[in-house]
Amino acid sequence: MRVLMIAPPGAGKGTQGALIAAHLGVPHIATGDLLRDHVARQTGLGRAVRQHLERGELVPDEIVLEMVREAAVAAKAAGGGYVLDGVPRNMTQARALYLMGRELGMTAQVALHLVADDHELMRRLLARAALEGRSDDTEVVIRRRLSLYREVTHPIVAWYAERGILLSVDAMRPVEQVAREILTALEPMRDAAQMQGAIDFTSLGASFGHTTSAASPSG
Ligand code: AMP
């Protein structure tokens with residue numbers, strides 16, 4: 001099964017992404033983790049993106065998309081499923097990812113949207129900063145990441161709703177509860193995905209969509 005995630009920083013994208021990937025037995029492709037790994041290893045790519053990460057700015061689209069293409073090709077060879085976490089972050093990436101998916105026969109079947117408000121997100125991110133000391137978890141950078149999410153990432157949610165593959169989940173609740181709701185919602189979709197094999201779900205329209213708690217203005 002192929003799932004991509006859209007979520008503001010602090011909504012639990014990494015945690016839920018890892019849980020879903022383990023449950024489905026597919027690779028968890030987290031662009032933030034891949035980029036941080038490049039920075040830590042001081043690769044050429046890592047040196048090119050370090051400042052973007054530290055400032056909470058988006059890394060140039062071409063860099064991320066090339067990295068994701070490599071991961072998608074590997075995921076295809078490993079069985080064809082994936083959980084994409086952290087991409088797309090803007091409309092350009094969403095369109096490029098769709099075209100890449102078409103080309104590889106790997107378009108997303110579910111766009112999972114985690115919904116949470118900024119007050120709760122800030123609380124969680126500051127708590128994480130105290131524990132993990134991530135360089136982009138300072139208050140100024142967190143505010144920048146949250147506003148970038150609202151301005152350029154959140155608008156792509158509507159695009160997935162139009163394509164009929166949006167699943168919105170209230171991520172304000174404890175991790176286990178959110179995970180349970182996601183896995184319960186994905187289960188019937190997984191059966192449908194298996195039955196349809198290689199058919200492109202994006203053409204099925206709203207009938208395939210499953211939306212809960214989508215009414216919140218934030219997230
Ligand atoms: P995350 O771990 O998903 O919060 O990502 C951490 C940082 O990595 C972001 O603040 C961006 O600087 C960068 N990043 C991750 N994914 C992307 C992406 N798809 N496009 C651009 N920058 C990204």
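**The ligand shell and its surroundings**

By class, the shell around the ligand is made up of 7 charged, 6 nonpolar and 5 polar residues. These figures, like everything below, come from a predicted model. Of the 18 residues in this shell, the ones that come nearest to the ligand are Lys13, Thr31, Glu57, Gly86 and Gln93. As for secondary structure, helix 2 (31-41) and helix 3 (44-55) each bring at least two residues to the shell. Helix 2 gives the most, with 4 residues.

Some of the polar pairings around the ligand can be spelled out. Thr31 places a polar side-chain atom 2.8 Å from a nitrogen atom of the ligand. Gly86 also pairs with a ligand nitrogen atom, but through a backbone N or O atom, at 2.9 Å. Arg36 turns to an oxygen atom of the ligand instead, with a polar side-chain atom 3.0 Å away. Taken alone, the ligand would expose 490 Å², and 96% of that is buried by the protein. As for where the ligand sits, the site is the largest pocket.

Stepping back to the whole fold, the protein chain has 9 helices and 5 strands. Read along the sequence, these elements follow the pattern β-α-β-α-α-α-β-α-β-α-α-α-β-α. The chain runs to 219 residues, and 47% of them count as buried.

Two spots in the backbone stand out against the usual run of things. Most peptide bonds are trans, and most residues other than glycine have a negative phi. The bond joining Val87 and Pro88, however, is a cis peptide bond, with omega at about 5 degrees. Pro88 belongs to the loop between strand 3 (82-85) and helix 5 (91-104). The other spot is Gln42, which is not a glycine yet has a positive phi of about 55 degrees. Gln42 is in the loop between helix 2 and helix 3, and this residue counts as exposed because its relative accessibility is 56%, over the 50% mark.

Thr43 lies in that loop between helix 2 and helix 3 too. With a relative accessible area of 17%, Thr43 falls under the 20% cut-off and is therefore buried. The side chain of Thr43 has polar partners: one polar contact, of 2.8 Å, joins it to the side chain of His38. A polar atom of the Thr43 side chain also lies 2.9 Å from the backbone nitrogen of Gly46. So the loop between helix 2 and helix 3 holds an exposed residue, Gln42, and a buried one, Thr43.

Elsewhere in the chain, His113 is found in strand 4 (residues 110-115). Its relative accessible area is 5%, so His113 counts as buried. The side chain of His113 makes a polar contact of 3.2 Å with the side chain of Ser168.

Helix 7 offers another buried residue. Ile142 has its place in that helix, and its relative accessible area is 0%, so it counts as buried. Between the C-alpha atoms of Ile142 and Leu121 the separation is 9.2 Å, with the two residues 21 apart along the chain.

Thr138 sits just outside that helix, in the loop between helix 6 (118-132) and helix 7 (139-153). At 40% relative accessibility, Thr138 is neither under 20% nor over 50%, so it counts as partly exposed. Its C-alpha atom is 9.5 Å from that of Glu54, although the two positions lie 84 residues apart in chain numbering.

Leu19, in helix 1 (residues 13-24), is likewise partly exposed, with a relative accessible area of 38%. The C-alpha atoms of Leu19 and Ile182 are separated by 9.9 Å, and along the chain these residues are 163 apart.

Methods: Residues numbered from 1 in each chain as written. Predicted model: local features only at pLDDT ≥ 70, side-chain atom pairs only at ≥ 80, totals over all residues. Heavy atoms only, no water. Near = heavy atom within 4 Å. Polar contact = N/O pair within 3.5 Å; in protein donor to acceptor, adjacent residues only side chain to side chain. Areas by Shrake-Rupley, 256 points an atom, 1.4 Å probe, with all protein chains shown as cover. 1 Å grid on protein atoms, 1.4 Å probe; cavity = no way out; pocket = protein on both sides within 12 Å on 5 of 7 lines; lining within 4 Å. Sits in = over half its atoms within 2 Å of the grid points. Nonpolar A, V, L, I, M, F, W, Y, C, P; charged D, E, K, R; others polar. Buried < 20%, exposed > 50% of the residue type's maximum accessible area, 1.4 Å probe, protein only.
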